Amino acid sequence: IRIRFPFNSEQTAVPGTIADGTCVAVARTQGSTLDFINRNAMLKFSLDESFNDVTKVTVESAENYISGTYNIEWEGTNPILGIAYTGRGKTVTLSNDDNSPLHTGVDYYIVLPPNNNDGGFSVSVTLADGSVLTKTSTKAQAFSSGNIIPLSKTPLTKAMFVSAQTSGRYA
């Protein structure tokens, strides 16, 4: 069985959850039981109250494709996510439909296909005035199926991104 599913490069921000149709889960039956298997990873973040002018958050992979339409195929008892075959890209952007600032103090999630992300990734925030602040990590960060990876132990702040701009690294 082959299922095609898009990991969208543009995702709609929904405070506390994800937009409808964004998450990839496949199901199988075993007797009278229906088992769901989550085939995506999620990055989780929130914004500090002082960071109230963020209109977009963009994740960019240094080496791997993190958006596009993927094949999900069954191999034995597990669904295997195949390589993106169309529309593949290395960025995913989360924003409100009307481009208004994201809410502070709530969790947001960016849905990604699982991959090793060997070359690291960057996170860019676009502010209401159009300026962009970026933090970059060259460390490998696996995006594993069914896992939620926090971008930070604390809410993201402007100071985190400003210090990263001056030091040139993801702090």
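In the next few minutes I will go through the strands, the nonpolar cores, a few individual residues and the salt bridges of this structure, which is a predicted model.

Let me begin with the strand pairing. Three strands form an open sheet in the order β11-β6-β14, and the pairing within this sheet is mixed. Its edge strands are β11 and β14, the latter covering residues 148-150, and each of these two pairs on one side only. On average, and with direction ignored, neighbouring strands of this sheet are turned by 30 degrees against each other. Between β6 and β11 the pairing is antiparallel and runs over six bridges, and one position to look at there is Ser46, which stands opposite Asp107 in β11. Please keep Asp107 in mind, as I will return to this residue with the salt bridges.

Towards the start of the chain, strand β2, residues 10-14, pairs with β10 in the parallel sense over three bridges, and Glu10 has Thr93 in β10 as its bridge partner. The strand β2 also pairs with β3, this time in the antiparallel sense and over two bridges, with Ala13 facing Ile18 of β3 as its bridge partner. These two strands, β2 and β3, form a hairpin with two residues between them, and Gly16 in the turn has a positive phi of about 80 degrees.

That brings me to the interior. Which residues touch the most other members of the largest nonpolar core? They are Phe45 and Ile110, in a core that holds 27 residues. At least two residues of this core come from each of β6 (41-46), β7 (54-61), β10 (91-95), β11 (107-112), β12 (121-127) and the helix α1 (158-167), and the largest share, four residues, is supplied by β12. If we look at Ile110 itself, and do not count residues up to four places away in sequence, its contacts are Gln11, Ala41, Met42, Leu43, Phe45, Val57, Val59, Val92 and Leu94. There is also a second, separate core, which has 11 residues and includes Ile18, Met42, Tyr70 and Tyr109. Ile18, then, is a member of this second core as well as the bridge partner of Ala13 in the hairpin.

I would now like to take three single residues, starting with Leu112, which is found in strand β11. Is Leu112 buried or exposed? Its relative accessibility is 0%, so Leu112 counts as buried. Leaving aside neighbours within four places in sequence, Leu112 is in contact with Phe7, Asn40, Ala41, Leu43, Ile66, Val92 and Phe143. The C-alpha atom of Leu112 is separated by 10 Å from that of Gln11, a residue 101 places away along the chain.

The second residue, Asn117, has its place in the loop between β11 and β12, and because its relative accessible area is 0%, Asn117 is buried. Beyond its neighbours within four places in sequence, Asn117 contacts Ser61, Asn64, Lys139, Ala140, Gln141 and Phe143, and Phe143 is also among the contacts of Leu112.

The third is Thr22, in the loop between β3 (17-18) and β4 (25-30). With a relative accessibility of 11%, where the limit for buried is under 20%, Thr22 therefore counts as buried. A polar atom of the Thr22 side chain lies 2.8 Å from the backbone oxygen of Ala19, while the contacts of Thr22 outside its neighbours within four places in sequence are Phe5, Gln11 and Val111.

Finally, how many salt bridges does the model have? The count comes to two. In one of them the side chains of Asp107 and Lys44 meet at 3.6 Å, N to O, and this pair links distant parts of the chain, with Asp107 in strand β11 and Lys44 in strand β6, 63 residues apart. Asp107 counts as partly exposed, because its relative accessibility is 29%, and Lys44, at 28%, likewise counts as partly exposed.

The other salt bridge joins the side chains of Lys158 and Asp53 at 3.3 Å, N to O. This pair, too, links distant parts of the chain, as Lys158 is in helix α1 and Asp53 is in the loop between β6 and β7, 105 residues apart. For Lys158 the relative accessibility is 29%, so Lys158 counts as partly exposed.

Methods. Residues numbered from 1 in each chain as written. Predicted model: local features only at pLDDT ≥ 70, side-chain atom pairs only at ≥ 80, totals over all residues. Heavy atoms only, no water. Core = buried A, V, L, I, M, F, W, Y, C linked by side-chain atoms within 4.5 Å. Buried < 20%, exposed > 50% of the residue type's maximum accessible area, 1.4 Å probe, protein only. Contact = heavy atoms within 4.5 Å. Polar contact = N/O pair within 3.5 Å; in protein donor to acceptor, adjacent residues only side chain to side chain. Salt bridge = Lys/Arg side-chain N within 4 Å of Asp/Glu carboxyl O. Pairing = 2+ DSSP bridges. Axes fitted to C-alpha atoms, helices over the stretch in contact; angles between N-to-C directions.
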